Structures are given as C-alpha cells and as structure tokens.
Amino acid sequence: MSKIVKQTENELKNIIVEAIKKAIADGALPEAEIPQFNIEKPANKDNGDYSTNVAMAGARAFKKAPRMIAEAIESCIDLDGTVFEKVEIAGPGFMNFFLSQQFYSDVLKDIFACGKDYGKSDYGQGKRILVEFVSANPTGPMHIGNARGGAIGDCLASVLDWAGYDVSREFYVNDAGNQIEKFATSLEVRYLQHFESSIELPEDAYHGQDIVEHAENFIKEYGDKYVNADSKERRKALVDYALPKNIAGLERDLKRYRITYDKWFRESTLHNDGSVQKVIDALKAKGVTYEQDGALWFKASEYGNDKDIVLVRANGLPTYIVPDIAYHYNKLVTRGYDKAIDVLGADHHGYVPRMKAALTALGLDASRLDCVIMQMVRLVRDGETIKLSKRSGKAITLNTLIDEVPLDAARFFFNLREPNSHFDFDLELAAKESSENPVYYVQYAHARICSIIKKAQEQGVELRNPSDDELALLNSKEEKDLIRHLSSLTDEVVSAAKSYDPAKITHYVIELATLFHKFYNAQRVMLDDKESLMQARLFLCKAVKDTIYNILTMLKITAPEVM
C-alpha cells in the first residue's frame, strides 16, 4: 500500500517544526510552545503543492505579526535532502511549499512497487464494519431504487475495504411481518381465483404479474390440493413455495449485477430465537416503555426522537421496528461489529432517529450505527422521464435496466453523484460508446494506454524501469499535473471512506483519464531520438494504466485492453 503522500506530509511537518526550534534557538522567535497548525493542499497550484497556516496559528504564542513569524521560520528552513524544492510566503503569512522533481519520480516508483495494492491504506486499522444494502422486499422483483442502492452499497463496501477496514456485506431478508402476510393473502387469492374467478383481490394486496405466475406454477405442482384446506395451511404452503424462489431470484439478479453478499440474514431468525421478545423485555426493564390504549409504547421522545413509537400493538403483535432493533443489536452486540452502516432509501429519514433512540435506550453507543440516505433516481430517455419499460409495459426493474444498458455503465453511473443527491440516469448516454459517456471515457483511456504499450513493444522497444535521472525528465506541466493526481489516490480513497461517498472515486478516475488525455495530446510518447524520455513517458503511461485498472477493479467494472 502507498504511504508516499502521508510520508511527504509528515516530512513537511518535521521541516516546519525543526525550523521553528531553530528560529527560537537563534532568537528570531521568542521561547514559546510550538502551536498546532494545519497542512493543506491549495486548490490553486500557483500557491504551491502544500500550504500551512503555522504563522497565523503562532501569532498569540510568539506575540508577533504572522508575516514576521513566517519570515523567521523561512530563514531557518532547510530543504536539502527533502522532496521540497522551495518555500514562499504569501498574503498575511501563509507559507507555500513546492515539491521537487524527486517527489514526482518517487510517486511513479511507488505505484510500480505497490502494484495492485496501489491506493490501499491501513487507515481503518482493521475495524469491523457491516454494510447492509438493498435488502429489497422479497415479495417482488427489485426496482430501480434498489439498482442505485446496490451500486452505492457495494462500491462503498469496496472503498472501506481499500481504506483498511474489515468489511462484510449483508442483505436483510424481511421474511416475516406484515409484508409476508400481504404476500400470503395475494398468493392465496390468486390461487383460489384459478378455481373461482369471482373472488376479488384486496386493494392493498400485491397486484403484480409475478404473484399470478407463482400461483399458476403452484397449481401445476399441487393442483387443487389446497382449495378446501384450512386457510392457515394453504397460506403457509403458498409462501413456503414462492418465497424461496423470490429470494433465490434476488440473489441471482444481484450476482448478475456483480454483487455477492457475505450473509443473507433472515428476519425470521430473530423471531424464532427469541431476540424480538428480548428487545421488548429489555426496554421494559430499562423503564423506557409505557402502555396506552392497549399498546406498548417506547419513550423515544426522551432520546431525541420527535415522538414516542409503538412497540407492540393492541392485538399483541410487535410493530416492524422491534425486529429491526433486534437486528441492529445483533449486528453491534451479538456479532460485535465496530460499526454498522445501512444504505437506505429517501423515505427512511424518520427511521434513523428512531433506531438510534432505541439503541441508546438499550445502552449502546448509537454513533456505531451510520445510515447513508439515498435519494430517488429518475430514468431519462430523450430528455424525458420514463416510468415504464417499452418492452414489457411494466415498471423498470434491476433486470430490465441491465438488459437496456451495459453493466459497467449501470454500476458507474449510479456512483456519479453522492448518495444524498437526486440523480437522472440517462439511458441513452449510458449506452453510448463515446467520450460523452464517462465510463466509456475512462475505459478508453485504459485501452489507449494498452495500445501504446503494445505498439511500443511491436516496434522493438524493451520497456524497463527508468532511472531517477530519466524520470526527472518528466517536468512538463501536463506530466506534473498527471503525477500529482496519481499521488492523491490513497487520500481520495480514505476521504471517500470517511464521507461514505464512493462518487469521490468515480470523479477521481474521470479526472485521471482527463489529465492523461491532456498529457497524451500535448506530449509525444514514442520518441526515436530521445530514448530516456520515451522510457520515462512509457513508465508514466503504465502507472496511469495500472491506477485506472485498480480503481475500476475496486468498483467491479471491467478495464478493457481493446476498444
């Protein structure tokens, strides 16, 4: 894994601290405790590669104007043997540092040394994180929102893994509760309708064609065996037949989407092993419940929620929130994950404070649960929003989406915006093979470099690792911009992990492709009369290719060698 940027920042901090110590020893600054200061990367590279506010931070301690402090520090700075070549003072006392050519050479050597691990870090220190995402209702097919949640959740898990966390992926199967009762009712009515058409399907039942197909397939296998059976027996037989098929379908469709889970956790296990009742008993024991109108309520308003919530209805049945509390307790206590992350739809804003209130009441640190709220996605074709598939006349599902657009585009596009932003998915753009399509643009950069390297080898060029002197020839603006961007991958992965935003990585790789194309259009790679510069540029090309490959692999997107 790469540590070059962190090492560079640590080296700069030491340079500054040593210069302050020398300035104090020389009498240029008064004796005082060295202040806490920040080191940042200026947005405008004219202001250096790194900037520090140390002079402003030390104004009170040193009792001098920041500009005077900066000048005292600058006079004592020694950059010999470091990866910095100069320092400048700007404005009221900002100190701007410029990297030397050695840094750029070291970055390329570091990428080569790290190989397929370039971009990874130990930031997460192996802390165990459980990422739960999609968790679509198993009573029907996955819709377009699940497609976005799948891409975001899976890529977030990959980003966290690359940032040094021990990550598990999980799908929570709601195979109990109201939706299963509704599923049973829907199947039962469709089954009985086959034999008596006058039976009506309730308005609030599931009206999808998939329910009809399940009922008809059940009839092919069991005929009229359950027509005169007890309703409870009939409903159980129908659910036991259809639900496993739906769950297997979810797993199959998600695998097609390149998503595999470490665990499919069934809600029913929480009912069967007594976990649901234990939560109710525990909240009662904590004194945070009360009875009203025959129902059991949780005093959620005492824990930051806007109102209290029902735990057990007057009919004695728990509400949906109880098994969900038991599930999160299972994640954080029973299985001992350091952090649980849920990727949820936009309609879950109220759910999060309720869950955190319950966990707090149970004595847990609610900050161990983080929720990524994902906004809705609109499908757009010809500038117009579409709601139905032209092919089937039904709502577009995950499967019909993948039938319409390349899988790489689907995964990439859903990670083009931060999760909490609304997103228009342009079906035509996703299918385009042009630079307008961002995933094609990135993949083309990778394929283009593969072609460059292949042609060089066909021309008899033997690729080798250039010397430092040869790498020092990479001093054009385009080359430095490209290498500087390459150097920031590890930090970008950590930033994406901190903010739970995989879109940072798609933005990074699009910018990398852009900088490569700028370099390639400005600087010739194949040079008959400048072998050393040619080798250095080929080495740079390979570093870009390998970095794009690493990123696309992280996102489970293909990196083609030919396009």
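Start by selecting Asp 382. With a relative accessible area of 55%, Asp 382 is exposed. You'll find it in the loop between β13 (377-381) and β14 (384-386). Look at its backbone too: phi of Asp 382 is near 55°, which is a positive value in a residue other than glycine. Keep in mind as you click around that this is a predicted model.

Now step back into the strand before that loop and pick Val 380, which lies in β13. Is Val 380 buried or exposed? At 10% relative accessibility, Val 380 counts as buried, whereas Asp 382 is exposed. To see what surrounds Val 380, show its contacts beyond the neighbours within four places in sequence: these are Thr 385, Asp 424, Phe 425, Asp 426, Leu 427 and Glu 428. For a distance to try in your viewer, draw a line from the C-alpha of Val 380 to that of Asn 399. The two are 19 residues apart in sequence and 17 Å apart in space.

Next, hop over to Lys 63. Here is another positive phi in a residue other than glycine, again near 55°. Lys 63 sits in the loop between α3 (59-62) and α4 (66-75). Its relative accessibility is 71%, so Lys 63 counts as exposed.

Time for some helices. Select residues 144-162, which form helix α6. How many residues does α6 have, and how far does it reach? It has 19 residues and runs 27 Å from its first C-alpha to its last, close to the 27 Å expected at 1.5 Å a residue. Switch on the surroundings as well: 18 of the 19 residues of α6 are buried, so this helix is largely enclosed by the rest of the structure. Just past it, stop at Gly 164, which follows α6 and has a positive phi, near 100°.

Move on to helix α7, residues 178-195. Its 18 residues should span 26 Å at 1.5 Å a residue, and the end C-alpha atoms are indeed 26 Å apart. Colour the buried residues of α7, among them Ile 180, Phe 183, Leu 187, Val 189, Tyr 191 and Leu 192. Charged residues turn up on that list of buried residues too, including Glu 188 and Arg 190. What do the buried residues of α7 pack against? Show α8 (209-222), α9 (231-256) and α10 (267-272), and you have the answer.

Now for the cysteines. Select Cys 541 and find the closest cysteine sulfur, which belongs to Cys 450. The two sulfurs are 11 Å apart, too far for a bond. Cys 541 is at 0% relative accessibility, so it counts as buried. Cys 76 is buried as well, with a relative accessible area of 10%. How many disulfides does the count give? It comes to 0.

Finally, zoom out to the whole protein. The C-alpha trace spans about 95 × 65 × 40 Å along its principal axes. In cartoon view, you are looking at 22 helices and 15 strands. Of the 563 residues, 53% are buried. Switch to a surface: the accessible area comes to about 26000 Å², and 47% of that belongs to carbon and sulfur atoms. Colour by charge for a last look, with 71 positive and 84 negative side chains, the centres of the two sets lying 1 Å apart.

Terms used: Residues numbered from 1 in each chain as written. Predicted model: local features only at pLDDT ≥ 70, side-chain atom pairs only at ≥ 80, totals over all residues. Heavy atoms only, no water. Helix = DSSP H or I, 4+ residues; strand = E, 2+ residues; numbered from the N terminus. Expected span 1.5 Å × (residues − 1). Buried < 20%, exposed > 50% of the residue type's maximum accessible area, 1.4 Å probe, protein only. Areas by Shrake-Rupley, 256 points an atom, 1.4 Å probe, with all protein chains shown as cover. Lys, Arg positive; Asp, Glu negative; His and termini not counted. Charge placed at Lys NZ, Arg CZ, Asp CG, Glu CD. Disulfide = S-S within 2.5 Å. Contact = heavy atoms within 4.5 Å.
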